[in-house]
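Dear colleague,

I am passing on the structure we spoke about, and below it you will find my notes on what turned up when I went through it. Please read them with the structure open beside you.

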Amino acid sequence: MFTLPDLPYAKTALDGFLSESTLSFHHDKHFNAYVTTANNLVKGTEFEGKSLEDIIKNASGPLFNNAAQAWNHDFYFKCLSPESVEISSKLKALIEENFKSVEEFNQAFKASAVGNFGSGWTWLVQKADGKLAIVNTSNAANPLTSGDKPLLVIDVWEHAYYLDYQNLRPSYVDAFLKHINWAFVESNLA
């Protein structure tokens, strides 16, 4: 049985970036609905008792969609920090190796997230060869299905930002880039 994890910070902790109202709707309604639906769909299937990761890698249809959305949301909320988190020298060097500079990474990540058509996710992933890449996924899709290691994600479904930013996705992405939990990102490195 999957459970809705608590946010790793207070719902008011991201004020100025994401409002308490946005976090309440996003976490308590959307995220919770994916967890609840995944629990209902997994009952009596070959996936009952399996982890979300196992389901994501092996299921399809509504069960995949809800399990992946539950996993994606948990990962997204962990990527956010109320305080400015310094990027470590190790991670900074890896970003510079792959994107020339942190600033150029930010520009590429923003361009990818803003250009991600419709609803989906923009990820920083680590490939099997250790290189970093920015990838977009649509709907519930997740890099785990292609063997990539997720490091960072931004949710570009409108429910993630519409109450605070309306149709201004670029402004949301700019604010997101100032609230990355770089310690969490580094903890995901292979």
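What percentage of the 190 residues of the protein chain count as buried? The figure is 48%, and I should say at once that this, like everything that follows, comes from a predicted model.

On the overall fold, the protein chain holds eight helices and three strands, and, read from the N terminus, these elements follow the order α-α-α-α-α-β-β-β-α-α-α. The radius of gyration is 16 Å, which agrees with the value near 16 Å that a compact globule of 190 residues would have, while the C-alpha atoms fill a box of roughly 50 × 40 × 30 Å along the principal axes. If one takes the contacts between residues at least 6 apart in sequence, 67% of them join residues at least 24 apart.

As for the surface, its accessible area comes to about 9100 Å², and carbon and sulfur atoms account for 50% of that. The protein chain carries 15 positive and 22 negative side chains, with the centres of the two sets lying 3 Å apart.

Turning to the interior, the largest nonpolar core has 64 residues, and those with the most contacts inside it are Tyr 76, Tyr 172 and Phe 176. Helix H3, which spans residues 61-79, gives the most to this core, contributing ten residues. Leaving aside residues up to four places away in sequence, Phe 176 touches Phe 17, Tyr 76, Leu 80, Phe 109, Leu 152, Val 153 and Ile 154.

Phe 176 is also one of the buried residues of helix H7 (residues 169-177), and the others in that set are Arg 169, Tyr 172, Val 173, Ala 175 and Leu 177. The cover over these buried residues of H7 includes H3, helix H5 (102-115), strand S3 (149-155) and helix H6 (162-165).

One further position that I looked at is Val 35, which has its place in helix H1 (residues 20-42). Is Val 35 buried or exposed? Val 35 is buried, because its relative accessible area is 5%, and the cut-off for that class is under 20%. Again not counting residues up to four places away in sequence, Val 35 touches Phe 2, Thr 3, Leu 4 and Ala 70. Gly 115, by contrast, lies 80 residues from Val 35 in sequence and 28 Å from it in space, taken from C-alpha to C-alpha.

With best wishes

Key: Residues numbered from 1 in each chain as written. Predicted model: local features only at pLDDT ≥ 70, side-chain atom pairs only at ≥ 80, totals over all residues. Heavy atoms only, no water. Helix = DSSP H or I, 4+ residues; strand = E, 2+ residues; numbered from the N terminus. Rg over C-alpha atoms; globule rule 2.2 N^0.38 Å. Buried < 20%, exposed > 50% of the residue type's maximum accessible area, 1.4 Å probe, protein only. Contact = heavy atoms within 4.5 Å. Areas by Shrake-Rupley, 256 points an atom, 1.4 Å probe, with all protein chains shown as cover. Lys, Arg positive; Asp, Glu negative; His and termini not counted. Charge placed at Lys NZ, Arg CZ, Asp CG, Glu CD. Core = buried A, V, L, I, M, F, W, Y, C linked by side-chain atoms within 4.5 Å.
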